[in-house]
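Hi,

Here is the structure I promised to pass on. Have a look at it first, and my notes follow underneath.

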Amino acid sequence: MSNKKKMVIMLGSILLMIFITYQIGYSEENKKVKRDKQEEEVTHSTFQFKGNDFTQPEKERQIDLPIKEIPEDYDLAAENEKLELHVSPQTLNIMIKNKQTGYVWSSVPDESVLKDTRLNDEWAATVTSSVVVQYFNKDEMLKSGSYVSLKGTVEHLEKKKDGFSADFKLEELEVDMSIEVVLEEDSLVVRMPDEAFKENGEQKIASVQLFPFLGAVKKEDIPGYMFIPDGSGALIRYQADHPQYDQPYIGKIYGKDEAVESKGDMEVQPESISIPVFGMVHGVKKNGFIGIVEKGQFNSEIVAYPSGVNTDFNWLSPRFIVRYPYFQPTSKSMGGINTFQKKRLHEDKEIRYVFLSEKNSDYVGMAKTYREYLEKNGQINPENKNSEEDVPVRVEFLGGEMEPGLIGNKLVSMTTFDQAKMIIDDLMKSGVDQMTAVYRGWNEGGLTGGNPAKFPVEDKLGGGEGLEELKENLEKKGIPLYLYTNYTKAYGDQDNFDVQVDGVRRISNRILEYSFSNNLVDEKFSDLKINYMNPVKALEIASEDMKQFERLGIDGISIEDTGSILYSDHHSKNRLSREESASKYEELANTLSEGLEKVSFYQPNDYMFKYSDEIFSIPMSSSRFVYETDSVPFLQIVMHGSIDYYTTFSNYHADPKKQLLRMIEYGAYPSFYLTHEPSWKLQNTPSKDLFTSSYEDWSEDVVSQYKLVNKALKKVQNASIEDRKVIELGVVEVTYSNDVKIIVNYNTKEMEVNDHKIGALDFKLIEGGD
């Protein structure tokens, strides 16, 4: 072999070795990158579960909670088989002993805790007071004060068989009040009667809190959390090292009264508060209570101060509003002054505290206690629950929507009655056996073209005959049909609605109205005004609509806003308080329920629960405020097994897989907003924000989500949720009353729980309580 050939072979060998070495190194590096990427994905996946959109696992913190000594200057006011009530005759502070656990709850922190806490004079007085108020001084400025700082004195205290009543005076404000505190089985009931409320001076009360520091915890001296009814429910855990929060949580029960309280155009709307409850836990599975606002809730807010807002204490209570501040315009250019209601609201105030022991002392126990409370008071009834073999999916159709034309408006047809029937037939052929159908925009003029004047049925969609045929066709298939309506919002003057007479007035006497325009809908709709209907007028319109529904053979309607938006009306001829408005809405719901087979509401407040055959768009999380540590399915635990509830539309879910797992975990049914035509046809209509709705695009998702949720929930749909545990980050176990368990794994890797393997982003159903 020549030297030249040897050189070529040697060079080739060297190059081959270099190539092999590179490939091995690249392969190993590639594997390392993949491993790092997988680990990063798992780490990221775990990290997201530490956020307040999820529930955290309970820490294994074994601690014996100290039993408070009841001071000698506290008198025994009453006792029964479960509780003892003690009161300080001088300060009216109370202590309650739970006889089952021996634990003592106090309305004021212990002296030993106060000595080690740095408080300014104002907060030192507030923390030790049985009553805290806000008031308007002589200059109409809003101020805060307390029983101690305002020189409260007891005028008369009378012990009763089950508790005590006391008359007291806030001397600096020249205000007389009374309070009654009694025991009822496992509950403490605190009342403030309106008739004994007297203001004798120039300064006027704005709000009242009763025993606001009941159960207050300094930092993390006692493990546990506060529960607030934000959206589906939220926890604020006690923390040793806390941020210095700027603001407390203030949540208005049933939402803002828009006739009095301002609503900024750019304001981010929090999740709704549909139930008047709150709670505290001192040691999970040890001691707790749930508070229920029984009277005065229509003008109340839940106030929760996490440790780090003004003091080191975690405390919460309802705040009863006596007078609202408001802005009074004095010119057309919106100049004006800040003032307040001169006549106070006349409402009794009442809170029920139900004390929880051991295994019921957590948010699950609170939800079960509230469920029993609602059942006892006839607000929910498990016997009314449907019993179908398969669970349903909600398919909500948009029929027609209006579009401005050169001369007047024209209708954009998105789903005719025949097309809705075709879509349902196609879904049934694909294996979707149970559905709830809702039809929007069925009326003349389409969705935003004819409310409150709805009739006749829009001809371009098939008219009255087409609607009747659709209803009869679905009835044969066992599918309920709801016609969508709204008895709160009106789109300007109509044949049956005069804005000047029937529209709600703000406290300033201006009409309560909003422009439809927003960032998504262009200026061509700037003249489209949304007016709120007086509830008396709404009841009248609903009664007239019933005649038309009966004529068409319609037996189901779905109602948006009317069950969730609550306001007062300050029209001189139609004046209503929020409580009176709620009463009229109940009358409206009862009228419709008596004449129709099914009535359903979107995110209804608790006073509408008993009229709701199904609940649409139930909140599936909290508002995730920075001080909220966990989101919990409190509402779902209350409802499951009594009323079917559905999520918001899956078209709008940013993370469909996560939301699908959450449906399974929360026991909620899927929902879709569908059209036969592509959604781009809505680009010049008020429904421009419906970005994606075409059945052609969503049909596979409807079928796949239905089948998966049905597989998970069909065996528990009539059972109540009895327990919920976060096993570890991203792994949740839900136990039902029929001994079925569902374990959901949000992690991107397989997890094992009690010898059960749950795949990544999957769930496992376990029967027989195994």
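**Helix α9 and its neighbours**

In α9, the buried residues (under 20% relative accessible area with a 1.4 Å probe, protein chains only; exposed is over 50%, partly exposed in between) are Arg578, Ser581, Ala582, Tyr585, Leu588, Ala589 and Leu592. They sit on the same side of α9, because they cover an arc of only 115° around the axis, taken from the directions from the helix axis to the C-beta atoms. That fits the general rule: an α-helix has 3.6 residues a turn, so residues three or four places apart point the same way. Packed against those buried α9 residues are β16 (249-252), α8 (535-552), β32 (556-559) and β33 (contact means heavy atoms within 4.5 Å).

Before you go further: this is a predicted model, where local features need pLDDT of at least 70 and side-chain atom pairs count only at pLDDT 80 or more, while totals for chains, interfaces and linings use all residues. Residues are numbered from 1 along each chain as its sequence is written, and side-chain values use heavy atoms, with hydrogens and water left out.

**The sheet**

β32 and β33 also belong to an open sheet of 8 strands, in the order β36-β34-β33-β32-β28-β27-β24-β37, with parallel pairing (two strands pair if DSSP finds at least two bridges between them). Its edge strands are β36 (644-645) and β37 (671-674), each pairing on one side only. Strand β33 (residues 598-602) is joined to β34 (residues 614-616) by 2 bridges, and Tyr602 stands opposite Phe616 in β34.

**Helix α5**

Which residues of α5 are buried? They are Phe417, Gln419, Ala420, Ile423, Ile424 and Leu427. These cover an arc of only 165° around the axis, which puts them on the same side of α5. Their cover includes β24 (393-398), β27, α6 and α12 (695-713). Gly431 follows α5 and has a positive phi, near 100°.

**The whole protein**

Overall there are 12 helices and 43 strands (DSSP runs numbered from the N terminus: helices are H or I, at least four residues; strands are E, at least two). Of the 770 residues, 57% count as buried. The C-alpha trace spans about 115 × 80 × 55 Å along its principal axes. Among contacts between residues at least 6 apart in sequence, 67% join residues at least 24 apart.

Cheers
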